[in-house]
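Please open the model in your viewer and keep the sequence panel beside it, since this tour moves from one selection to the next. At each stop, make the selection before reading on.

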Amino acid sequence: MSDIRVTALYKFVLFDTPEALREPLFERLAALEIKGTILLATEGVNGTIAGTPEAMDKALEAIRALPGCAELEWKDSHATAMPFLRLKVRLKNEIVTMGVPGTDPTCLVGSYVKPEDWNALITDPDTVVIDTRNDYEVALGTFQGAIDPETETFREFPEWFETFRAKLAEHGREPKIAMFCTGGIRCEKSTSYVKSLGIDDVFHLQGGILKYLETVPREDSLWEGECFVFDDRVSVGHGLAVGDYQLCHACRHPVSAEDRAHEHFEEGVSCPRCYGTFSETKMAALRERQKQVRLAKARGETHIGDDVVMTPRKKLPA
């Protein structure tokens with residue numbers, strides 16, 4: 001078992017003054033040498049952080065001590081090395097951005113389905129299963145039979161669902177709607193939004209894909225592929241074992257072993273997806289950055305240029 005514990009957490013709760021919570025929380029987590037990112041907004045808290053098991057116990061105590069956060073949702077996994085370079089506690093308008101004012105999971109939300117009951121729901125012919133994650137996440141893996149909305153950001157989901165709902169109505173269908181996401185937070189908002197449209201039979205996977213992969217044995221699993229995670233591990237599989245994907249540091253999209261064997265893959269510089277989309281000046285800068293990363297690693301250090309944002313660039317340069 002690794003000495004690094006990685007915890008994904010969230011809680012929808014009303015914070016009157018989230019800005020007043022930021023500095024004390026940052027100082028407490030920093031003192032524990034925690035790394036990762038915490039988002040604070042008037043609608044609650046969300047984030048993924050990592051540290052030693054002892055430090056993480058104390059970090060969770062600090063976060064659960066925030067107003068209304070005693071029943072905080074979190075999922076633990078492990079890493080062989082620290083997956084973050086620094087600690088960030090940021091203020092946001094939303095802890096997961098959907099962009100529909102008034103959506104409040106504390107007042108209206110779908111029915112939770114435990115991982116051990118999920119297979120029965122999604123194999124029911126009367127159930128429509130929707131993956132609420134973005135396209136680059138779905139590309140790594142999803143549940144058998146799930147619909148991919150092909151969204152680049154979560155902001156696109158409401159418009160996609162309105163169109164999808166109209167198509168169901170054209171065919172006279174009123175199926176049960178089952179949704180899932182990485183850790184459960186996006187589904188809190190998506191099911192709240194869908195139920196606000198007057199749809200009653202709305203369900204979501206409690207604890208998300210991560211809890212399913214941790215709980216359901218591989219031989220019983222309906223999950224296919226790997227699950228994208230927003231840290232240096234890039235992906236995890238059954239049992240939350242670290243997956244085979246790495247990150248292209250140029251376009252920030254995950255790359256498979258097959259991608260890395262491609263002639264257009266150059267570590268830290270390009271992958272088959274983004275090759276040829278950057279100028280020669282940009283390519284030279286990427287190669288220099290990668291050179292400095294290698295030199296820093298040879299010295300046993302971490303180069304600041306190796307700390308990339310885990311969210312892929314949505315549009316590649318022309």
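Start by selecting the four strands that form an open sheet in the order β6-β10-β9-β7, where the pairing is parallel. Bear in mind throughout that what you are looking at is a predicted model. At the edges of this sheet stand β6, residues 111-113, and β7, residues 127-131, each of which pairs on one side only. If you look along the sheet, you can follow a twist that averages 30° from one strand to the next.

Next, select strand β9, residues 176-180, together with β7: the two strands pair in the parallel sense over five bridges. Which residue of β9 stands opposite Val-128? It is Ile-177, and one step along you will find Val-129 opposite Ala-178. Keep Ala-178 selected and turn to the other neighbour of β9, where the bridge partner of Ala-178 in β10 is Phe-203. The strands β9 and β10 run parallel and are joined by three bridges. Is β9 largely enclosed or left open by the rest of the structure? Because four of its five residues are buried, β9 is largely enclosed by the rest of the structure.

Now add helix α3, residues 115-122, which lies across β6, β7, β9 and β10, the last of these being residues 202-205. Relative to β9, helix α3 runs at about 135°.

From here, move to another sheet by selecting the five strands that form an open sheet in the order β4-β1-β3-β2-β5, this time with mixed pairing. The edges are taken by β4, residues 73-79, and β5, residues 87-91; each has a single partner strand, so one side of each is left without a neighbour in the sheet. The twist in this sheet averages 10° from one strand to the next.

Within the five strands, pick out β1, residues 4-12, and β3, residues 44-51, which run antiparallel and are joined by eight bridges. To see one of the pairings, select Thr-7, whose bridge partner in β3 is Ile-49. As background for this view, strands of a sheet pair through backbone hydrogen bonds, either parallel or antiparallel.

With this sheet still displayed, add helix α1, which lies across β2, residues 35-41, and β5, running at about 175° to β5. Then add helix α2, residues 53-64, and compare its direction with that of α1, residues 18-31: the two helices pack at an angle of about 170°, with their axes 9 Å apart. That angle makes α1 roughly antiparallel to α2. Which residues meet where these helices pack? On the α1 side they are Leu-25, Arg-28 and Leu-29, while on the α2 side they are Lys-58, Ala-59, Ala-62 and Ile-63. Colouring this contact by residue class shows five nonpolar residues, no polar ones and two charged ones.

Two loop residues make the next stops. Select Ser-221, which lies in the loop between α7, residues 208-215, and β11, residues 223-225. Its relative accessibility is 11%, so Ser-221 counts as buried, the cut-off being under 20%. Apart from its neighbours within four places in sequence, Ser-221 is in contact with Gln-144, Tyr-212, Val-216 and His-238.

Then select Ala-250, in the loop between β14, residues 246-247, and β15, residues 254-255. Is Ala-250 buried or exposed? With a relative accessible area of 1%, Ala-250 is buried. If you draw a distance from its C-alpha atom to that of Pro-67, which is 183 residues away along the chain, the viewer should show a separation of 40 Å.

Finally, clear the selections and zoom out to the whole protein chain, which has nine helices and 15 strands. Its C-alpha atoms fill a box of roughly 60 × 45 × 40 Å, taken along the principal axes. The chain has a radius of gyration of 20 Å, which agrees with the value near 20 Å that a compact globule of 318 residues would have. Of the 318 residues, 50% are buried. Among the contacts with a separation of 6 or more, 69% are between residues 24 or more positions apart.

Note on methods: Residues numbered from 1 in each chain as written. Predicted model: local features only at pLDDT ≥ 70, side-chain atom pairs only at ≥ 80, totals over all residues. Heavy atoms only, no water. Axes fitted to C-alpha atoms, helices over the stretch in contact; angles between N-to-C directions. Parallel < 35°, antiparallel > 145°, perpendicular 65-115°, else oblique. Contact = heavy atoms within 4.5 Å. Nonpolar A, V, L, I, M, F, W, Y, C, P; charged D, E, K, R; others polar. Pairing = 2+ DSSP bridges. Rg over C-alpha atoms; globule rule 2.2 N^0.38 Å. Buried < 20%, exposed > 50% of the residue type's maximum accessible area, 1.4 Å probe, protein only.
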